[in-house]
Amino acid sequence: MKRIFTLIIVAVSSNFFGQESQFMGYFSPTTAELVPTPAGMENPKTQVIKPNFKGRELIEVDNSQTHNPDWVWQQHEVANQQKALTASILWSKPGLGVGISPPDPTVDADSSVAISATNSSGGAVYRIFNRATGATVGNTSYTMRNLVSTGAITGAGDPIVLYYKPARRWFITEFSSSGNRLIVYVSQTSNPQGAYYRYAFTCSNFPDYPKYGFSTTSDAFLVSTNEGGPPTVYAMRLSTLLTGGTSPFIKKAIGYSLNGFGFQSITPVDLEGDNVAPAGMKPLFVRHRDDESHSNGTPDSGTNDWIELWEMDINWTNNTATTTKIQDISIAEIDSKLCGLTSFQCIKQPGTTNLLDPLREPVMFKAPMRVFDTHQAMVLCLSTDVDGADRAGVRWIELRRDPGVITPTWTKYQEGTYAPGTGTSRWMPSINIDKHGNILMAYSSSSNATGDFPSIKMTGRKPCDPLGTMTMAETTIIAGANSKTSSGDTRWGDYHHMAIDDFDGETFYYAGVYQQGANNASGTKTNVSAIRFNPDALDATIAGIFLVNPGNVCGASTQIGVVVENRGTTAITSGVIQWQVGSGALTNVNYTSNQLSSVGATDTIFVTIAGLVNGSNTVTINTTTVNGTSPDENTCNNSKSLNVTVSSGSGLTATSTINAQPSCNGTEGQITLVANGGTSPFTYALNQGSAQSSGTFSNLAAGTYTYIVTDNIGCTGTGTITLASNVVINVTPSQTASILCNGNQTGAISVSATGGTSSYTYSINGNKLCRSIFIYRINSWNLHRLRERWK
């Protein structure tokens, strides 16, 4: 229900609400490299509190509680309905940022290393880990050094580390200590310890809280910032950054602030995995709106709140951009008033009255999106008050839309608020989704109960678990051992970072903050962990299906390859695959295998399906039985569908051309066949002879030929063609002597021929052949004698 609020607007300039984009200029890079961190920068002797740029433009509203309790609150641990879900911490290592408040940890990985960064007493510092073992690579820590002697710009922190797999490049970012600059380092090669292009982009105001994302379809590297009014977004040209060219820099503000928050942020949506975004998809940004707390923006509702989805349209030709709110997606009521809307003191700790910053303002970094065969998914998380008494819980949301779609048709697929037990607050979450659809979420936790010190914990779920529920029992990544009691220091952090391995698609890398140590420079620490969901014991999946002969199918049946993958720890020796065309009958196919002995092993089973009809057919493949057990322990990966198009008839014909006719009794004939329709390449055969790739046939005699044209998927076209002898002989007889009297044999004739091919032979009444014939002793009654004469 809406309330009437008393607004106090402090120093809000009207230009924050302008709708025109601003071209900030072209920026060229210098060169930088990672170098060992100077002494004292990584581990300062005294605690370093980084400046707090949040809340400079406060818009205050009524802070009374309105939601009690949370409407989708998961108050209890819920076991997976099939089997208890667990995840393993593959390795867990100390991060950097010791004694820094806040450390703001970030992490990402390539095929061999993971790089984590935090704030330090100066700019950002970096640690490189072996991706498989977590062992430190090279020096204990690094920082960036400019490789030119002039124009040096000092970094000031808020780092973000991202790996861009399509180009095999690292993007490392922070803001500068002066000049309202964002520093973007782009590795010049795939080697993270090689040279970097170093860009320093100048913003209109100090670019606090920068959060980044890629948009390959718009050739853009995006960043959002908190600059004291509505959230600001900037676009850099991705292809230019990758080559070290001069990049344009375009600024555009979001349409309005969320009044009530003094800190304005919007989070870029960042694509995960190898499946590309639909062609033409524009950069997306997301934030939440609690319409009881934020008295601007529409729509409003007394029964739900909103996820706002914004889109950026970039014109690189003119260096302009627009931002448009394309959707308001309804979610269950949230309560953003964690100790009010602007307080930096809220989260309880054991043995102290010192309270920690709840960070309720943003959808937490990152906002990952992944493209699956059947849908597009986006997962989000944020902090909310679960009980109206300032206990923080994590609201998580999964949005979906159909595959291949770029229209604003996202819908809420599921949501929940994770806050089991009593008393413990969970906040500063980060979330991601792997290639199987498993969701992992990690966060900070703390309460005033004895021993419940600020720690890092995690939970998760499989894609077919009960909707709205985290089914993995809460697991501690690293336990805190002390409370943070520094006088006047309530900072905990502005973000954690959950990345996903783009090479295996299933390892999560998480960087977070915990408290372990006395209240001094070593008390606040960061942790970097590699985490992966544990396989079930018995789990077969349909990893892929494909037509053995690609393209349109000819006829009612075809052969399909079914890729079965073992995702369980038990070797698979036999099973049952079930296929179905549309809503037709289910048909079982038994198989045996000696290839599926371990997790990740695959085997291809070839199945002939029947019952196809002309046009489009949906063929669904299921794995129903594994080693005699039905179903296996994970049914959410047992099915996959394939569209099969059947041509009407064969759809294949051929045009025949006679290039040359044969001579009489000769073999000079030649024809050419040209295929029409079907799927190339084609083969051609005459009179059921051997097929050939060429449509031209030579050395043919006169006669009728039957031809068969076959395309690449086995469709055929047939026909006949006739070759006739191309010979016409003209004969001219002439009388060369007359018969003088009846009974005399004085008559003679001569025969000549034209046409055909010389030389000729002649005969008369079946008698001897000759070249030229004179006939004598001939009268009107009979022929008495032939005389040869050669000319």
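**A tour of strand E29 and a four-stranded sheet**

Begin by selecting residues 392–401, which make up strand E29 (strands, E, are DSSP runs of at least two residues, numbered from the N terminus); this strand is mostly covered, since ten of its ten residues are buried, meaning under 20% relative accessible area with a 1.4 Å probe and protein chains only. The model is a predicted one, in which local features need pLDDT of at least 70, side-chain atom pairs count only at pLDDT 80 or more, and totals for chains, interfaces and linings use all residues. Residues are numbered from 1 along each chain as its sequence is written, and side-chain values use heavy atoms, with hydrogens and water left out.

Now show the side chains of E29: Ala392, Val394, Trp396, Glu398 and Arg400 point one way, while Gly393, Arg395, Ile397, Leu399 and Arg401 point the other way. In a regular strand the side chains alternate between the two faces of the sheet.

Next, add residues 376–385, strand E28, which runs antiparallel to E29 and is joined to it by ten bridges (two strands pair if DSSP finds at least two bridges between them). Here Met378 stands opposite Leu399, and in the turn of this hairpin, where six residues lie between the strands, Gly388 has a positive phi of about 75 degrees.

Then select strand E30, residues 411–418, which pairs with E29 in the antiparallel sense over seven bridges, with Thr417 in E30 opposite Arg395.

Finally, turn to the open sheet of four strands in the order E7-E37-E36-E35, where the pairing is antiparallel. Strands E7 (87–94) and E35 (497–500) stand at the edges, each with a single partner strand, so one side of each is left without a neighbour in the sheet.

Conventions. Buried means under 20% relative accessible area, exposed over 50%, partly exposed in between (1.4 Å probe, protein chains only).
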